[in-house]
Amino acid sequence: MRIRSLAVRGAGVAVVLAAVLPAGAAQAHDNGAVRATVTPASTAPGATVEVSVTGCSGTTGTAGSGAFEGDAQLTGRDGDKYALNGSARIKHGVSGTHDVTVTCDGHPHQGVGTVRIERHEPEKPVSPVRAGGGGTAHLTTTTASAEANEAGPGTRHAVIGLILAGVAAVAVALRSVRRRRSE
């Protein structure tokens with residue numbers, strides 16, 4: 001009877017230890033000091049980001065996110081003392097803030113970093129683009145806009161031309177008359 005009592009107590013202790021130890025180990029692992037830093041923290045779709053992870057023991061790991069095209073393969077000297085580093089490309093068509101999950105030491109560490117993706121609309125250039133030419137682009141813009149405003153000679157130009165032609169004709173006629181009188 002005494003052996004049976006000891007066996008039941010031993011089984012009870014084994015069940016309690018089996019339930020408590022894995023939960024305690026997982027809790028200690030999840031609350032560890034694993035941190036992921038994504039550089040740049042804010043980027044555009046299609047860009048490549050660098051991922052740096054601290055707090056992992058070992059020399060390899062992976063970092064994944066719903067924003068990455070694939071997992072970043074992390075490598076380094078010793079994760080306890082140095083950072084593990086890798087790179088990943090941001091998917092096209094994603095935006096917003098996404099969590100980064102790191103897998104190292106055989107365990108996933110969820111939400112240990114974030115990456116923010118912002119869609120940037122490219123600015124449309126205004127012709128001509130201010131590039132090179134030693135500052136002549138500004139002069140070209142001014143000349144082009146002045147030429148666009150002037151469609152050609154108008155009535156005002158025609159009247160001024162006729163007046164100048166008339167003055168020139170009168171000056172030639174008066175000079176001719178003076179020459180004839182002096183002869």
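These questions and answers walk through a predicted model of one protein chain.

Visitor: In what order do the elements of the protein chain run from the N terminus on?
Guide: The chain has three helices and eight strands. A helix opens the order, and two helices close it. Written out from the N terminus, the elements run α-β-β-β-β-β-β-β-β-α-α.

Visitor: What share of the residues of the protein chain counts as buried?
Guide: Buried means under 20% relative accessible area. The protein chain has 183 residues. Of these, the buried share is 17%.

Visitor: How many residues of H3 are buried?
Guide: Helix H3 covers residues 155-182. The helix lies largely in the open, because none of its 28 residues falls in the buried class. The number buried is zero.

Visitor: What distance does H3 reach from its first C-alpha to its last?
Guide: H3 has 28 residues. At 1.5 Å a residue, 40 Å is expected. The model comes close to that, with a reach of 41 Å.

Visitor: Is isoleucine 163 buried or exposed?
Guide: Isoleucine 163 lies in helix H3. The cut-off for exposed is over 50% relative accessible area. Isoleucine 163 has 52% relative accessibility, so the residue counts as exposed.

Visitor: Which residues make the nonpolar surface patch of about 270 Å²?
Guide: Isoleucine 163 is one of them. Two valines join this residue in the patch. The full set is Val159, Ile163 and Val167.

Visitor: Which residue forms a salt bridge with arginine 116?
Guide: Side chains of opposite charge can pair when their charged atoms come close. The structure holds one salt bridge. Its closest N and O atoms are 3.0 Å apart, and the partner of arginine 116 is glutamate 118.

Visitor: What class of accessibility does glutamate 118 count in?
Guide: Partly exposed lies between the 20% and 50% cut-offs. Arginine 116, at 40%, counts as partly exposed. Glutamate 118 has 30% relative accessibility, so this residue counts as partly exposed.

Visitor: Over the ring of which residue does the charged end of arginine 77 sit?
Guide: The structure holds zero aromatic pairs. A ring does take part in a contact with a charge, though. The charged end of arginine 77 sits 4.1 Å from the ring centre of tyrosine 82.

Visitor: What distance separates the C-alpha atoms of proline 108 and alanine 63?
Guide: Proline 108 lies in strand E8, residues 107-117. At 46% relative accessibility, proline 108 counts as partly exposed. Alanine 63 is 45 residues apart from proline 108 along the chain, and their C-alpha atoms are separated by 9.3 Å.

Definitions and conventions: Residues are numbered from 1 along each chain as its sequence is written. This is a predicted model: local features need pLDDT of at least 70, side-chain atom pairs count only at pLDDT 80 or more; totals for chains, interfaces and linings use all residues. Side-chain values use heavy atoms; hydrogens and water are left out. Patches are made of residues with over 30% relative accessible area and no salt bridge: like charges are joined within 9 Å, nonpolar side chains (Val, Leu, Ile, Met, Phe, Trp, Tyr) within 5 Å. Accessible areas come from the Shrake-Rupley method with a 1.4 Å probe; for residues, only the protein chains shown count as cover. A salt bridge is a side-chain nitrogen of Lys or Arg within 4 Å of a carboxyl oxygen of Asp or Glu. Helices (H or I, at least four residues) and strands (E, at least two) are DSSP runs, numbered from the N terminus. Buried means under 20% relative accessible area, exposed over 50%, partly exposed in between (1.4 Å probe, protein chains only). Rings of Phe, Tyr and Trp (its six-membered ring) pair if their centres lie within 6.5 Å; planes under 30 degrees apart count as stacked, over 60 as edge-to-face and the rest as tilted. A charge sits over a ring if NZ of Lys or CZ of Arg is within 6 Å of the ring centre and within 35 degrees of the ring normal. The expected span of a helix is 1.5 Å times one less than its number of residues.
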